[in-house]
Amino acid sequence: MFLDNRQVAMDSVLEALADSLDYFQDNLERLRPTLRDKLKPHYEQRHTDLDELREMARKHLRILPRDADVERDDYLWLWSRLKSFVGNDSQVLINELLEQERGLMQSLATLYTHPLPDAIEPLIERCLKGCRALIRELYRLQKQRR
């Protein structure tokens, strides 16, 4: 099945949201408890938003769920661990989480260039605001650790 540009843009957002959740969960034990406690509510809300957005995308845009790219996830995890040997593990993770948020923002921006069903708009706005809030928190944590 071929996707139109709007479906591709939504699929990209869904993938970026899922990747960020997977990465956070995969690296949860590497985060200091204080960092984990500050970031966890953001990712819990993201999980809720992702579930709801998947359902809406299926209903309104006829997008079927896809599995994550496991090989890519393994590569990113390994690369992160290697970088941690030469730098502060928490800083490496914060930087990588920030990079994922930048990718998500790009996907959201692309999605906004397409007409969206009215039912999906508020949820996309919530995802955008959540992304911005997480970016602010990550920058704040980054400054604290320097």
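**Exercise 1. Classify Glu137 as buried or exposed, and place its contacts.**

Solution. Glu137 counts as buried because its relative accessibility is 13%, where buried means under 20% relative accessible area, exposed over 50% and partly exposed in between (1.4 Å probe, protein chains only). The model is predicted: local features need pLDDT of at least 70, side-chain atom pairs count only at pLDDT 80 or more, and totals for chains, interfaces and linings use all residues. Residues are numbered from 1 along each chain as its sequence is written, and side-chain values use heavy atoms, with hydrogens and water left out.

Next, locate the residue: Glu137 is in helix α5. Helices (H or I, at least four residues) and strands (E, at least two) are DSSP runs, numbered from the N terminus.

Then list the neighbours. Leaving aside residues up to four places away in sequence, Glu137 touches Lys38, Leu39 and His42; contact means heavy atoms within 4.5 Å. The side chain of Glu137 also makes a polar contact of 2.5 Å with that of Arg140. A polar contact is a pair of N or O atoms within 3.5 Å; within protein, one must be able to donate a hydrogen and the other to accept it, and residues adjacent in sequence count only if both atoms are side-chain atoms.

**Exercise 2. Describe the chain and the confidence of its parts.**

Solution. Start with the elements: the chain has five helices and zero strands. Of its 146 residues, 40% count as buried.

Now take the confidence, pLDDT, which the predictor gives each residue from 0 to 100. The chain mean is 86, and 82% of the residues reach 70 or more. Confidence is lowest in α3, at a mean of 52, and highest in α2, at 95.

**Exercise 3. Find which residues touch the most other members of the largest nonpolar core.**

Solution. Apply the rule: a nonpolar core is a set of buried Ala, Val, Leu, Ile, Met, Phe, Trp, Tyr and Cys residues joined through side-chain atoms within 4.5 Å. The largest such core has 38 residues, and Met10, Leu39, Leu53 and Ile124 touch the most other members. Two or more residues come from each of α1 (5-26), α2 (33-61), α4 (89-111) and α5 (121-145). The largest share, ten residues, is from α1.

Take Leu53 as a case. Its contacts, not counting residues up to four places away in sequence, include Met10, Leu14, Ile124 and Cys127.

**Exercise 4. Determine how the rings of Phe24 and Tyr43 are arranged.**

Solution. Rings of Phe, Tyr and Trp (its six-membered ring) pair if their centres lie within 6.5 Å; planes under 30 degrees apart count as stacked, over 60 as edge-to-face and the rest as tilted. By this rule there is one aromatic pair. Phe24 and Tyr43 are 4.0 Å apart, centre to centre, with 5° between the planes, and the pair is stacked. The pair links distant parts of the chain, with Phe24 in helix α1 and Tyr43 in helix α2, 19 residues apart. Both Phe24 and Tyr43 are buried.

**Exercise 5. State what sets the backbone of Arg62 apart, and where Arg62 lies.**

Solution. Most residues other than glycine have a negative phi. Arg62 has a positive phi of about 60° although it is not a glycine. Arg62 lies in the loop between α2 and α3 (70-86). With 62% relative accessibility, Arg62 counts as exposed.
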